[in-house]
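The following exercises ask the reader to derive a description of one chain from its coordinates. Each task is followed by a worked solution.

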Amino acid sequence: MNFLDLAKLAVQTALLGEITPEMRVITVEAQDDRITIRVYHDQEASDDLEEDLDAAGTEVHALLPQATSVTIHIEHNAVPGPIQVVGWPVYARKGTGSFWAEDARAYGRE
């Protein structure tokens with residue numbers, strides 16, 4: 001398994017029990033030994049949400065000790081309709097569409 005596949009699996013595992021109804025899409029990027037998690041959320045992030053996601057990031061690092069950094073970005077997006085996302089989706093709420101723009105070529109989606 002390559003590093004991206006391991007990162008996607010680690011993020012899905014770390015997020016078990018942490019998904020809230022306000023989360024629309026969660027994506028993962030893995031560049032070299034760095035992991036970036038993007039959470040597209042339809043409300044402003046609460047302190048509790050930030051703490052829960054920080055704990056999930058720590059769990060990702062524990063599952064993949066070869067990762068030198070795990071970064072989490074919370075993107076507020078309350079606009080109905082498709083979301084322009086970056087990275088590989090590991091979660092999408094039912095009824096939420098997503099599309100890729102400039103990263104489509106980098107991930108072979110064109």
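The exercises proceed from the whole chain to its sheet, its helices, its core and a few single residues.

**Conventions**

This is a predicted model, in which local features need pLDDT of at least 70 and side-chain atom pairs count only at pLDDT 80 or more, while totals for chains, interfaces and linings use all residues. Residues are numbered from 1 along each chain as its sequence is written, and side-chain values use heavy atoms, with hydrogens and water left out.

**Exercise 1. Confidence**

Determine the mean pLDDT of the chain and the elements with the lowest and highest mean values.

Solution. Step one: pLDDT is the predictor's confidence in each residue, from 0 to 100. Its mean over the chain is 86, and 88% of the residues reach 70 or more. Step two: among the elements, α1 has the highest mean, 95, and strand β6 (residues 98-99) the lowest, 66.

**Exercise 2. Elements and surface**

State the order of helices and strands along the chain, and characterise its burial and contacts.

Solution. Step one: elements are DSSP runs numbered from the N terminus, helices being H or I of at least four residues and strands E of at least two. The chain holds two helices and six strands, arranged as α-β-β-α-β-β-β-β.

Step two: buried means under 20% relative accessible area, exposed over 50%, and partly exposed in between (1.4 Å probe, protein chains only). Of the 110 residues, 35% are buried. The accessible surface is about 6300 Å², with 50% belonging to carbon and sulfur atoms; the areas come from the Shrake-Rupley method with a 1.4 Å probe, and for residues only the protein chains shown count as cover.

Step three: a contact means heavy atoms within 4.5 Å. Among contacts between residues at least 6 apart in sequence, 62% join residues at least 24 apart.

**Exercise 3. The sheet**

Establish the strand order of the four-stranded sheet and identify its edges.

Solution. Step one: two strands pair if DSSP finds at least two bridges between them. The four strands form an open sheet in the order β3-β2-β1-β5, with mixed pairing. Step two: β3 (69-76) and β5 (88-92) each have a single partner strand and stand at the edges, so one side of each lacks a neighbour in the sheet. Neighbouring strands are turned by 20° against each other on average, direction ignored.

Step three: β1 (residues 23-31) and β2 (residues 34-41) are antiparallel and share eight bridges. Gln31 stands opposite Arg34 of β2, and Thr27 has Arg38 of β2 as its bridge partner. Thr27 also stands opposite Pro89 in β5; β1 and β5 run antiparallel and are joined by four bridges.

**Exercise 4. Helices and core**

Locate both helices relative to the strands, and then describe the largest nonpolar core.

Solution. Step one: axes are lines fitted to C-alpha atoms, for helices over the stretch in contact, and angles run from 0 to 180 degrees between N-to-C directions. Helix α1 (residues 3-14) packs on the sheet, touching β1, β2 and β5, and makes about 145° with β1. Helix α2 (residues 47-63) lies across β1, β2 and β3, at about 150° to β3.

Step two: a nonpolar core is a set of buried Ala, Val, Leu, Ile, Met, Phe, Trp, Tyr and Cys residues joined through side-chain atoms within 4.5 Å. The largest has 21 residues, and those with the most contacts inside it are Val11, Ile26, Ile35, Ile37, Val60 and Leu64. The elements giving two or more residues are α1, β1, β2 and α2; the largest share, six residues, comes from α1.

Step three: in β1, eight of the nine residues are buried. Not counting residues up to four places away in sequence, Ile26 touches several residues, including Leu15, Ile37, Trp88 and Tyr91.

**Exercise 5. Single residues**

Where does Asp32 lie, and is Asp32 buried or exposed?

Solution. Step one: Asp32 is in the loop between β1 and β2, a hairpin with two residues between the strands. Step two: Asp32 is exposed, because its relative accessibility is 64%. Step three: most residues other than glycine have a negative phi. Asp32, although not a glycine, has a positive phi of about 55°.

Continue with Leu9 and its distance from Val60.

Solution. Leu9 lies in helix α1 and is partly exposed at 44% relative accessible area. Leu9 and Val60 are 51 residues apart in sequence, and their C-alpha atoms are 9.2 Å apart.
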